[in-house]
Amino acid sequence: MYVPKHFQFEDYAEKVEFMQQYSFATIVSVKEGIPIATQLPFHIRTDKDQLLLTSHFARANEQANYIENTPSLVIFSEPHAYISPQHYDKEESVPTWDYIAVHAYGLASILTEEKAINKALEQMILSYDEAYLTQWNNLSDRFKSGMMRGIITFELVVTDL
C-alpha cells in the first residue's frame, strides 16, 4: 500500500486498536497466481510478542485451501471520505480520498481440534455479541458440533504490519 510519509501512522498500539475497532476485514490470498478475497469478522489479540488474527470461512469457501502455505494479506479499513477541491484555499487543487487502513500480512494455520475451534468461536462471540454467550452455552453439543463442521477456523500470525 502506498502511503506518503506525512500520512503514515507508526504507532503499533494505534494500529492494533484500529484493527480491533474495525475488525470486519478483507483477507486476500493467492490461488494459482490470482488474488482471491473474502470479507470476514476477525478477533484480534496479542499473545506475548505475537499479533494473532482469528476467524473462520464457510467450509464451502475454497479460499481456506490457500491460506496455510503462502502469506495472506488482511486489510482493515473503515472511515473514508471524498475530499473535494472546493475545500482547499488554492483553486488549483485536485480531488482526493481520505481514508485509514491497516494491512496485516501473515501465515495462517487451520485449527482442527474441536476445543480450539470452540474457544475461537467463544472469543468471536465475546467480541461481537456478548449477550449471545448465554444462549451459546445452552445449545446442545450436537448442534454446536454440527455448526463447527460447517466452518474452517484459522489463526493468522501477523509477520508484517
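With which side chain does the side chain of T54 make a polar contact? The partner is the side chain of R45, at 3.4 Å, where a polar contact is a pair of N or O atoms within 3.5 Å, one able to donate a hydrogen and the other to accept it, with residues adjacent in sequence counting only if both atoms are side-chain atoms.

This is a predicted model, in which local features need pLDDT of at least 70 and side-chain atom pairs count only at pLDDT 80 or more, while totals for chains, interfaces and linings use all residues. Residues are numbered from 1 along each chain as its sequence is written, and side-chain values use heavy atoms, leaving out hydrogens and water.

T54 lies in strand β4, strands being DSSP runs of E with at least two residues, numbered from the N terminus. T54 counts as buried because its relative accessibility is 2%, the cut-off being under 20% with a 1.4 Å probe and protein chains only.

The largest nonpolar core, a set of buried Ala, Val, Leu, Ile, Met, Phe, Trp, Tyr and Cys residues joined through side-chain atoms within 4.5 Å, has 22 residues, of which I27, F42, L53, V74 and F76 touch the most other members. Among the elements that each supply at least two residues of this core are β4 and β5, and β7 gives the most, with 4 residues. A second, separate core of 7 residues includes I117, I125, W136 and I151.

Strands pair if DSSP finds at least two bridges between them, as tabulated here.

| Strands | Sense | Bridges | One bridge pair |
|---|---|---|---|
| β5 and β6 | antiparallel | 10 bridges | Y82 and W97 |
| β6 and β7 | antiparallel | 6 bridges | I110 and F154 |

Key. Buried < 20%, exposed > 50% of the residue type's maximum accessible area, 1.4 Å probe, protein only.
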